Amino acid sequence: MRTVLHHTHAPNVYASGPLDRADRLRGDQEALTLAISSETARLFPVWRGNNLVQMGDTIRGWTVQATRTDLMQHAKLSVFLGLDSTGAPHFAIDLSDFEEPPEFEPGTAFEDLRKVGPMLGDDDGAILAYARGLVHWHRRHLFCGVCGRPTGRPCAPTWTVGISKTWKS
């Protein structure tokens, strides 16, 4: 029998992350609605493919409390990312319909992960890449490839929370 040597290289930190993706909650619309209205819920804003980060000596992902109802009213889409180690729910929100990127705390900016990714910590990079990827997927896959229904409807096997415009139809 022949032994195959494996290459030794750094792991792809974007391929995993610190969140429990909580698949048991994804199909439970009531649980997701409660989760996003929780005081511990965290939002990861995405604007036109760029993630919100705090700039400075070190760069880190910036989250916003879900109690920011002004953001929730303008978000076209929110996507459940999972739960952190304390059980706090994390969501990505799509703010791409704003003409200009919304302003947050001083020192924060929407940046392309290809630019700032190498300067982020592994956990921040993984969560921001996951948020960006799911928002991108949902913006480009508006209808279920199996049943043809809008992906924001509760009968389609999607990860969206009911704030997308298709949800209200």
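1. Two strands are taken to pair if DSSP finds at least two bridges between them, and the strands themselves (E, at least two residues) and the helices (H or I, at least four) are DSSP runs, numbered from the N terminus. On that basis strand 1 (residues 42–47) and strand 2 run antiparallel and are joined by 2 bridges.

2. This is a predicted model, in which local features need pLDDT of at least 70 and side-chain atom pairs count only at pLDDT 80 or more, while totals for chains, interfaces and linings use all residues. Residues are numbered from 1 along each chain as its sequence is written, and side-chain values use heavy atoms, with hydrogens and water left out.

3. Within the pairing of strand 1 and strand 2, valine 46 stands opposite asparagine 51, the latter belonging to strand 2. The two strands form a hairpin with 2 residues between them, and arginine 48, which sits in the turn, has a positive phi of about 50°.

4. Strand 2 has further partners, among them strand 7 (residues 108–111), with which it pairs in the antiparallel sense over 4 bridges; here glutamine 54 stands opposite threonine 108 of strand 7. Strand 3 (residues 60–61) also pairs with strand 2 in the antiparallel sense, over 2 bridges, and valine 53 is found opposite glycine 61 of strand 3. The hairpin of strand 2 and strand 3 has 5 residues between the strands, and in this hairpin glycine 56 takes a positive phi near 155°.

5. Burial should be read with its cut-offs in mind: buried means under 20% relative accessible area, exposed over 50%, and partly exposed in between, with a 1.4 Å probe and protein chains only. Because 4 of the 5 residues of strand 2 (residues 50–54) are buried, strand 2 is largely enclosed by the rest of the structure.

6. Strand 5 (residues 77–83) is likewise largely enclosed by the rest of the structure, because 7 of its 7 residues are buried. Strand 5 runs antiparallel to strand 6 (residues 89–94), to which 6 bridges join it, and phenylalanine 80 stands opposite phenylalanine 91 in strand 6. In the hairpin of these two strands, which has 5 residues between them, glycine 87 takes a positive phi near 90°.

7. A contact between sequence-distant positions deserves a look on the display: the C-alpha atoms of histidine 138 and leucine 77 are separated by 8.3 Å, although the two residues are 61 residues apart along the chain. Histidine 138 lies in helix 5 (residues 122–140) and is buried, with a relative accessible area of 3%.
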